[in-house]
Amino acid sequence: MRFHIVLHEPRIPQNTGNIGRLCFASDSVLHLIYPLGFTLSQKELKRAGMDYWKDLEVYEWANTEEFWDSALLPIPHFYLTTKAKCPYYQAPLGGGAYLHFGREDAGIKEEILKANQEFCYTIPMQNNARSLNLATSVGIVLYEGIRQRDTRGNF
């Protein structure tokens with residue numbers, strides 16, 4: 001099963017471009033929930049996404065409600081946030097999932113996190129670090145999911 005990366009209102013085009021490249025390289029799907037902090041024609045997005053952007057499976061959603069009202073696949077949704085206690089590697093990602101990430105400056109909206117508390121995970125950090133770069137965070141969690149999926153049943 002494929003992974004679906006859901007970016008809630010991303011602000012930095014270079015991050016989204018790099019995440020697009022990650023999605024292309026991992027055969028994952030990218031979902032962008034508006035409003036964005038940039039346009040999809042911005043050169044920074046294209047530069048970071050390189051020439052992969054044209055081949056990327058990407059969906060644009062006007063808002064969170066439109067995303068939820070679409071015909072979503074019957075796979076779990078996990079929400080990555082600095083506000084959770086449970087580390088991402090304890091999430092059962094082996095069957096594919098929607099992996100939700102929030103804005104670089106604010107994270108995922110509080111009401112979404114509260115409604116899905118049991119599916120919220122974090123990336124553990126040391127030295128009182130507040131957060132990691134969005135593209136780095138997506139790469140960490142996405143490739144843990146790929147590891148779980150590709151080694152499932154092979155222990």
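**Glutamate 144, helix H5 and three backbone exceptions**

Leaving aside residues up to four places away in sequence, glutamate 144 touches Tyr88, Tyr89 and Leu93. This is in a predicted model. Glutamate 144 sits in helix H5. Its relative accessibility is 11%, so glutamate 144 counts as buried, the cut-off for that class being under 20%. Its side chain also makes a polar contact with the side chain of arginine 147, at 2.7 Å. An α-helix has 3.6 residues a turn, so residues three or four places apart point the same way.

The helix around this residue can be checked by its length. H5 has 18 residues, and at 1.5 Å a residue these should span 26 Å. The C-alpha atoms at the two ends of H5 are 26 Å apart, so the distance in the model agrees with the expected one.

Glutamate 144 is one of several buried residues in H5; the others are Leu134, Ala135, Ser137, Val138, Gly139, Val141, Leu142, Gly145, Ile146 and Gln148. What do the buried residues of H5 pack against? Their partners are two helical and strand elements from the early part of the chain, strand S1 (4-8) and helix H1 (13-26), together with strand S4 (77-80) and strand S5 (98-101).

At its N-terminal end, H5 is capped by asparagine 133. A side-chain oxygen of asparagine 133 lies 2.8 Å from the backbone nitrogen of alanine 135, and alanine 135 is itself among the buried residues of H5.

The loop that leads into this helix runs between strand S6 (120-121) and helix H5 (134-151). Asparagine 127 lies in that loop, and asparagine 128 is found there as well. Phi of asparagine 127 is near 60 degrees, a positive value in a residue other than glycine. Asparagine 128 likewise has a positive phi, near 60 degrees. Most residues other than glycine have a negative phi, and most peptide bonds are trans. Are these two asparagines buried or exposed? Asparagine 127 has a relative accessible area of 76% and is therefore exposed. Asparagine 128, at 78% relative accessibility, counts as exposed too. The cut-off for exposed is over 50%.

The remaining backbone feature concerns a peptide bond. From tyrosine 34 to proline 35 the bond is cis, with omega near 5 degrees. Proline 35 is placed in the loop between strand S2 (29-33) and helix H2 (43-49).

Methods:
Residues numbered from 1 in each chain as written. Predicted model: local features only at pLDDT ≥ 70, side-chain atom pairs only at ≥ 80, totals over all residues. Heavy atoms only, no water. Helix = DSSP H or I, 4+ residues; strand = E, 2+ residues; numbered from the N terminus. Buried < 20%, exposed > 50% of the residue type's maximum accessible area, 1.4 Å probe, protein only. Polar contact = N/O pair within 3.5 Å; in protein donor to acceptor, adjacent residues only side chain to side chain. Contact = heavy atoms within 4.5 Å. Expected span 1.5 Å × (residues − 1).
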